Amino acid sequence: METSTPSQNVDSILNRNPATSIYQKSINLLDKLACIEGFEVYIAAMFEDGARELSAAPYLNPIQLLWDTFRQGTSLCVIYNALRPEEPLDTSLDESKNILRQRKDRVYRFVKACKEHHIVRDEDLFTITELFKDDTNSFVKVLKTIEIVVDAIQSRGLLDTSRLVEKPSARFAEAQLGPPQDNRERVVKEFVETERKYVQDLELLQ
């Protein structure tokens, strides 16, 4: 299993605008996704008890929640369909067949549609492998792709902010980052804390 090292995390952070951390980007994106018709079911499901497949613990940060949500595959199809394409992507799964294989197929269809319809440039598209890696640098690529698609939805006037009754981001607070429950959560926690320290150091230098 691949994980990013602290030095890799710092290198990637140094190449980004410190004013907007990956934690904050995830928070902002989560609230925008809640405005997309059909996506609310994914957010609601992720906040239910026992939502996490490999852990009984609740989600402690938006990064972990979005990561798992995007891995479902159909959630990405819902996002793409918000662009109102002529040929919407299938958002269903056949429970009698291999679920992981179907999820990866939906991810593939999302990436393919974004490429073919020029929604996202090739260099900004994540791969199936990157989405399913337990690697924070890969998640940064995933996050960028989704941000571009959501920005396209918003620029076309298709992001219905009236649907946002309660911001899902309100359920999270950085101060509540608790002990990690698995390897990926340890990586995420380290990533968030490294970014936070970097931003604080920059603020002291200003």
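User: Why are helix 5 and helix 6 called roughly parallel to each other?

Analyst: In this predicted model, the axes of helix 5 (residues 74–81) and helix 6 (residues 99–116) cross at roughly 30°. Angles under 35 degrees count as roughly parallel, so helix 5 and helix 6 earn that description. Their axes come within 7 Å, and the crossing is left-handed.

User: Which residues make the contact between helix 5 and helix 6?

Analyst: Helix 5 brings T74, L76, C77 and Y80, while helix 6 brings R106, V107, F110, A113 and C114. Sorted by class, that contact has 7 nonpolar, 1 polar and 1 charged residues. Arg counts as charged, so R106 is the charged residue here.

User: What makes helix 4 roughly perpendicular to helix 8?

Analyst: Look at the angle again! Helix 4 (residues 62–71) and helix 8 (residues 136–155) pack at about 70°, with their axes 11 Å apart. The range for roughly perpendicular is 65 to 115 degrees, and therefore helix 4 and helix 8 fit that label. I63, L66, W67 and F70 of helix 4 meet T136, F139, V142, L143 and I146 of helix 8.

User: How many charged residues does the contact of helix 4 with helix 8 have?

Analyst: There are no charged residues in it; the contact has 8 nonpolar residues and 1 polar one.

User: And what elements make up the protein chain?

Analyst: The chain has 9 helices and 0 strands. Of its 206 residues, 45% are buried, where buried means under 20% relative accessible area.

Conventions
Residues are numbered from 1 along each chain as its sequence is written. This is a predicted model: local features need pLDDT of at least 70, side-chain atom pairs count only at pLDDT 80 or more; totals for chains, interfaces and linings use all residues. Side-chain values use heavy atoms; hydrogens and water are left out. Axes are lines fitted to C-alpha atoms, for helices over the stretch in contact, and angles run from 0 to 180 degrees between N-to-C directions. Helices (H or I, at least four residues) and strands (E, at least two) are DSSP runs, numbered from the N terminus. Angles under 35 degrees count as roughly parallel, over 145 as roughly antiparallel, 65 to 115 as roughly perpendicular and the rest as oblique. A crossing is left-handed if the near helix is turned anticlockwise from the far one by less than a right angle, and right-handed if clockwise. Contact means heavy atoms within 4.5 Å. Buried means under 20% relative accessible area, exposed over 50%, partly exposed in between (1.4 Å probe, protein chains only).
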